[in-house]
Amino acid sequence: MFNTNTLMIMLRLFSIVSVMALLSCENTLKTNQVEKTSRTLIIENKPYIIKGICYHPVPKGSPNKRSFETLTQDLGLMTEAGINTIRVYEPIDDINVLDEFSRAGIKVIIGFGYNQDGKFDIKSGTFIDYVNKYKTHNAILMWELGNEYNYHPLWFDGDIKNWYSAMNDAAGLIHANDPKHPTTTAHGDLPDALALSMSPNIDVWGMNVYRWDNPETIFEEWASVSTKPMYLSETGGDSYMKISKAGYKQGENQKAQSDAAKNILNKVFDNQDICSGVTLFSFTDGWWKAGNNDTQDIGGFAPNSTGIPYDGAPNEEYWGIVDIERNKKQVFSVVKEKYLSVSNTKK
C-alpha cells in the first residue's frame with residue numbers, strides 16, 4: 001500500500017504533468033496568425049508596419065547559391081538597424097534558420113517562383129508542400145507569389161494572363177490550406193486593371209517601385225484602385241554612379257545611395273494610411289549578379305534608362321546596406337535612424 005507521503009508526491013507529480021500537458025496543448029493551438037483589414041496587416045490585434053529588407057545572402061565567389069553561414073552576424077546587423085521583416089526570393093527550408101529569425105523578432109515573407117525545376121515552385125504545385133510544412137512557424141509573415149513577372153509575359157507563352165491565372169489559383173490553394181497568413185505578390189510597379197481583376201485571391205499587393213527618390217505618387221494611385229493593403233516590396237538605390245548627375249560624382253558613391261534611401265523611406269512612412277511599409281533592396285551587395293563572382297563589377301542598364309536614383313542605371317552589385325564583408329555602408333545609418341524612429345505598429 002502507498003503511505004501518505006508517497007501519495008502526496010504522486011499527486012504533486014500528477015498536477016505538474018497535467019499543467020505541462022495543458023501548456024503544451026495551448027502552445028500547439030496558439031499558432032502565429034497574421035490578419036488583415038482594409039489597408040492594414042494585423043498581428044496580435046495590433047496593426048503591423050513592415051520595416052524590412054530584401055535578403056539573398058550569396059557569398060563572394062558563389063554563382064547565386066545562397067548561404068546562411070553569416071546568419072548570426074547578419075541578424076545582429078538587422079537588429080541594430082531596427083529591421084523587423086525580411087523578404088526572401090526563395091523558400092528557406094531549414095527550421096533552424098527560421099527559428100533564429102523568430103528569436104530575433106524578425107518576420108519572413110517567403111517567396112515562391114513559378115518554375116524552379118519542381119522545388120517548391122508554382123508550376124509543379126510543390127509550393128503548397130512548403131506552406132503546409134511551415135504554416136505554423138512563428139517567423140512566417142506572408143506567402144509571396146512571383147517577383148515582377150508582369151514584366152516577362154514571354155515566360156508565359158507571351159500572354160501575361162496565364163501568369164495571373166496561375167498566381168490566383170496558387171493563392172486560392174494557400175487560402176484553403178493556411179487561413180492564418182496572407183498571400184502577396186511582388187508586382188512590378190502599380191498593377192493594372194487586368195492584374196487586379198484576375199487576382200482576387202491576392203490579399204496584400206507588394207510593388208517593386210523605382211520612381212527616382214520619390215515613390216509618393218504610387219500611394220495615391222493605389223488608393224484610387226483598391227482598398228487592400230500594399231507595401232513596397234523593392235525600392236531604393238545603388239551606391240555606384242555611372243555618370244555624374246544631380247550633383248553626385250561618377251564612381252562608387254555611397255552618399256547618393258544614402259540620400260536616395262532617406263528620401264524614399266521618409267515618403268513611405270509619411271503615408272502609413274495607405275502603405276504598410278517597405279522591404280528595401282537590399283541587405284548585402286551581390287557579387288554574383290554581373291561579371292566575375294570573385295570581384296565587384298559594374299553592371300546594369302545604360303544611364304538614364306530607368307528610374308533608379310540618381311543616374312538612371314541600376315548597378316546590380318552595389319545595392320547592399322552592407323558590403324559583401326558586412327561592413328556598414330553610409331545607407332546603413334539612414335535605415336537605422338529611420339526604422340528605430342518608427343513604431344512597429346501603424347499610426
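The following exchange concerns cavities and unusual backbone geometry in a predicted model.

Trainee: What makes a space in this structure a cavity, and how many of 30 Å³ or more are there?

Mentor: A cavity is a set of points where a 1.4 Å probe fits but cannot get out. The structure holds two such spaces of 30 Å³ or more. About 50 Å³ lies in the largest cavity, and the second largest has a volume of about 40 Å³.

Trainee: Which elements supply at least two residues each of the lining of the largest cavity?

Mentor: They are strand E7 (140–147), helix H5 (160–177) and strand E8 (183–188). Among the lining residues are Leu145, Trp163 and His187. By class, this lining has six nonpolar, five polar and one charged residues.

Trainee: How do you know which classes line the second largest cavity?

Mentor: Its lining includes Gly236, Gln257, Phe281 and Ser282. Phe counts as nonpolar, whereas Gly counts as polar. The whole lining has six nonpolar, four polar and no charged residues.

Trainee: What is notable about the bond that joins Phe281 and Ser282?

Mentor: That peptide bond is cis, with omega about 15°, and Ser282 is found in the loop between strand E13 (275–280) and helix H9 (330–341). Most peptide bonds are trans. The bond from Pro309 to Tyr310 is also cis, with omega near -5°, and Tyr310 is found in the loop between E13 and H9.

Trainee: Why is Asn64 called partly exposed?

Mentor: Partly exposed means between 20% and 50% relative accessible area. Asn64 has 34% relative accessibility, so Asn64 counts as partly exposed. Asn64 also has a positive phi of about 60° although it is not a glycine.

Conventions. Residues numbered from 1 in each chain as written. Predicted model: local features only at pLDDT ≥ 70, side-chain atom pairs only at ≥ 80, totals over all residues. Heavy atoms only, no water. 1 Å grid on protein atoms, 1.4 Å probe; cavity = no way out; pocket = protein on both sides within 12 Å on 5 of 7 lines; lining within 4 Å. Points joined across faces, edges and corners; volume = space filled by probe spheres on them. Helix = DSSP H or I, 4+ residues; strand = E, 2+ residues; numbered from the N terminus. Buried < 20%, exposed > 50% of the residue type's maximum accessible area, 1.4 Å probe, protein only.
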